[in-house]
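Hi,

Here is the structure I promised to pass on. Have a look first, and my notes follow below.

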Amino acid sequence: MAVSFAHLPVLADSVLAAFSGLPGQPAGADDGAVHGAAEAGEALLLDCTLGGGGHSALLLAAHPALRLIGLDRDPAARAAAAERLAPFGDRAVIQAANFADFTPPAPLVGVLADLGVSSPQLDEPGRGFSFRAPGPLDMRMDPDAGETAAELIDRLDESALADLIHAYGEERLSRRIARRLVAERPWAGNGRTTADLAYAVAGCFPPKARHGRIHPATRTFQALRIAVNDELGALDRLLVRAPDWLVLGGLLAVISFHSLEDRRVKTAFLSDPRLERLTRKPLVASEEEEQANPRSRSAKLRVARRVA
């Protein structure tokens, strides 16, 4: 399991630069508040989306005085992260948790969230996140809890399913797709796969639109995954709660992968009086990183600082 989670953390250099004011680096005029708070107690950072531990390992290596709590709902991710973070000993604590329901045990000098689904999850057909290879219609971050994508499709009425696909996938053919999926029920309990779902969705598009750069089922799969895992609800709760977790001068950094997430982060950073945004425009991958790690092409990093 741990091997399957070996992957490159996106925007690694940008994340390291964003958290350069944390313990382990000389305090500049702008980051003294972080250091002052850290020196008064434990310098603790929360990685809300641990994954394979890539970002956490980089931050722990860069800041020898830092301690870290890493959260993830996925047992495969936690197993991989435990192996990757083992050299840091008790400086890293891994917990099985959804960041939307978590409360840290002490004030934090930083919070990092790398949103969405990871490359290893997409690459594992058994998780049901992708249609690259046939797999079960699951899509749950925590494979042992909650409703699967197939169960969700079977439960919702046609109008609600269409609204979901439109809202979370920004899919203009959501009504047509929902009608097709409802007509082809049931999707759960009969061995139907991600390939079957992708085929049904693609059939709702004109022939010329079925062979473009982006597969016609991509937006529907995104919508179902977001709904199954309540991803936007979890993000909204994090953006409301995280500033109160931070010490004065503490940093909140969020990596998003589609406009629904990025708009929420941008709005929160602009409107929350507890935060001062440090990135007027999101930080994105360089051409070199995009070539080395294609997943980074859609990644956007925004950073804000806790103010009085």
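What should the twelve residues of helix α7 span at 1.5 Å a residue, and how far apart are its end C-alpha atoms? The expected span for residues 158-169 is 16 Å, and the end C-alpha atoms are 16 Å apart, which agrees. (Helices are DSSP runs of H or I, at least four residues, numbered from the N terminus; the expected span is 1.5 Å times one less than the number of residues.)

Before you read on: this is a predicted model, where local features need pLDDT of at least 70, side-chain atom pairs count only at pLDDT 80 or more, and totals for chains, interfaces and linings use all residues. Residues are numbered from 1 along each chain as its sequence is written, and side-chain values use heavy atoms, with hydrogens and water left out.

Back to α7. Its buried residues (under 20% relative accessible area, 1.4 Å probe, protein chains only) are L161, A162, L164, I165 and G169. Looking down the helix axis, they fall within an arc of 160° (taken from the directions from the axis to the C-beta atoms), so they line one face of α7. Those buried residues pack against α6 (149-155), α8 (174-183) and α10 (218-229), with contact meaning heavy atoms within 4.5 Å.

As for the ends, a side-chain oxygen of D157 lies 3.2 Å from the backbone nitrogen of S159, capping the N-terminal end of α7 (a polar contact is a pair of N or O atoms within 3.5 Å, one able to donate a hydrogen and the other to accept it; residues adjacent in sequence count only if both atoms are side-chain atoms). Just after the helix, E170 has a positive phi of about 50°.

Cheers

Definitions and conventions. Helices (H or I, at least four residues) and strands (E, at least two) are DSSP runs, numbered from the N terminus. Buried means under 20% relative accessible area, exposed over 50%, partly exposed in between (1.4 Å probe, protein chains only).
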